[in-house]
Amino acid sequence: MEDKFKIAKNEDIAWCPGCGNFSLLRIIQSALKELDMDPKNTVISSGIGQAAKMPQYIDLNFYNGLHGRGLPVAVAIKMANPNLNVIAEGGDGDMYGEGGNHFIHNVRRNPDIVHLVHDNQVYGLTKGQGSPTSSIGQKTSLQLNGVTSIPFNPIAVAISLGATFVAKAFTGDMQGTKEIIKAAIQHKGYALVDIFDPCPSFNKTNTFKWYQEHTYKLEGHDPADREKALKLAFDDHEREMFGLGIIYKREDIPTQEDNMWFYKDSKKPLYERKAAIERVLHKLGM
Ligand SMILES: Cc1ncc(C[n+]2csc(CCOP(=O)(O)OP(=O)(O)O)c2C)c(N)n1
Ligand SMILES: [Mg+2]
C-alpha cells in the first residue's frame, strides 16, 4: 500500500514510554489507509493535551488550537467545506471538561465528523490531576485521598443528546479499535468513539491490565435499539465493566451539512461561494 499518512519516528514523539497514544497513532493511520482516504482531504482538529498533540505526528492537514476547542473548529471546517473528511480529536479533559459545552451542543447538530477521545481518565499533560472520567476513589497528584465526584458518562450523554454513532474502544485491542474507527469514518453524521487509553505515568489505577480486566467485546448487541444502548451505557458505567464496540447507531437523521441553507441548494462548499459567505457575515452582523 502506498506510504500515505506517514507517522513520526518514536524518538521524535513527546509521549512517555508505554503511552497508549503510540498504539492509537498507528491504529488511526491503518484505519485511514485501509479506507484509502486522501491525506489532502483529511483534517484533524485538536485542542491541548498529550492526546491533542497527535495530529502533529501524522502526515495530514491539522489544526492544533486552544484547550477544549478541537470540536467547534472541526464543525466549522466541515461547514466551510463538507467535502473534507474531518476528525476532532483530543483527551478526556479536553473534550469533556474544558470542551464539555461544545460537546453537548455540537452533538445535537449531527455534523458529519468523527470525534475521537483518548480517554486515559486523567489530565496527563499537566501531570495527573483527576479528569471528568476519573473513577471514584482514584488517587491522583491533586486528589490525594481519591476522587469523590461521580465520573462523567460520555456514552450515555452522547446517546441522550441524539448522537447518531456512539462507540467504546480500548487501545489494547488494536484490531477492534481500528474497525470501530473505520465504521465511524464511514458513518454519515456525528460519530463519537471514546477510547480507553492507558497513561502509565500518571494513572496508576487504570493500567493496561485494569482495562483488560474491565472490558469485554460486545456480542449480539443491537446498536439500533436506543433503549438497550442507553441501559448498557448506564450498567457498564456503574459496574465498571465496559463493552467494546458500536453501542448505538442510526442513519436516518439529516446531518448539519444537509440542513445548511447555503449548502442545500448547491453542493458547492461555502468557501467557494462569495455571496453565501457575505450573507453569513451579514447574519452575524459583520
Ligand atoms: C483553558 C486552559 N485551561 C487549562 C489548561 C492546562 N491544561 C493543559 S492540558 C490539560 C489537561 C489535558 O488533559 P486531557 O485533555 O485529558 O489530555 P491528556 O494530556 O490526558 O492526553 C490542562 C488542564 C490550558 N492549557 N488551557
Ligand atoms: Mg486525559
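Trainee: Which element gives the largest share of the shell around ligand 1?

Mentor: A shell is read by asking which elements supply its residues. In this predicted model, the largest share around ligand 1, four residues, comes from α3. Altogether, 16 residues surround ligand 1, and the closest are Gln50, Asp92, Asp94, Gly124 and Leu125.

Trainee: Where does ligand 1 sit?

Mentor: Ligand 1 occupies the largest pocket. Two or more residues of its shell are given by each of α3 (92–98) and β5 (122–123). By residue class, the shell holds five nonpolar, eight polar and three charged residues.

Trainee: Which polar side-chain atom lies 3.0 Å from an oxygen atom of ligand 1?

Mentor: A polar contact is a pair of N or O atoms within 3.5 Å. Here, the side chain of asparagine 120 provides the polar atom at 3.0 Å from a ligand 1 oxygen. Backbone N or O atoms also take part: that of alanine 51 lies 2.9 Å from an oxygen atom of ligand 1, and that of valine 122 lies 3.1 Å from one. The protein covers 73% of the 590 Å² of accessible area that ligand 1 has on its own.

Trainee: Which residues coordinate the magnesium ion (ligand 2)?

Mentor: A metal site is read from its donor atoms and their positions along the chain. The magnesium ion (ligand 2) is coordinated at 2.1 to 2.2 Å by Asp92 (OD), Asn120 (OD1) and Val122 (O). Along the chain, these donors follow the spacing D-x27-N-x1-V. Distant parts of the chain are thereby linked: aspartate 92 belongs to helix α3, and asparagine 120, 28 residues apart from it, to the loop between β4 (114–119) and β5.

Note on methods: Residues numbered from 1 in each chain as written. Chains lettered and ligands numbered in written order. Predicted model: local features only at pLDDT ≥ 70, side-chain atom pairs only at ≥ 80, totals over all residues. Heavy atoms only, no water. Near = heavy atom within 4 Å. Polar contact = N/O pair within 3.5 Å; in protein donor to acceptor, adjacent residues only side chain to side chain. Areas by Shrake-Rupley, 256 points an atom, 1.4 Å probe, with all protein chains shown as cover. 1 Å grid on protein atoms, 1.4 Å probe; cavity = no way out; pocket = protein on both sides within 12 Å on 5 of 7 lines; lining within 4 Å. Sits in = over half its atoms within 2 Å of the grid points. Nonpolar A, V, L, I, M, F, W, Y, C, P; charged D, E, K, R; others polar. Donors = N, O, S within 2.8 Å, 3.2 Å for Na, K, Ca; no water.
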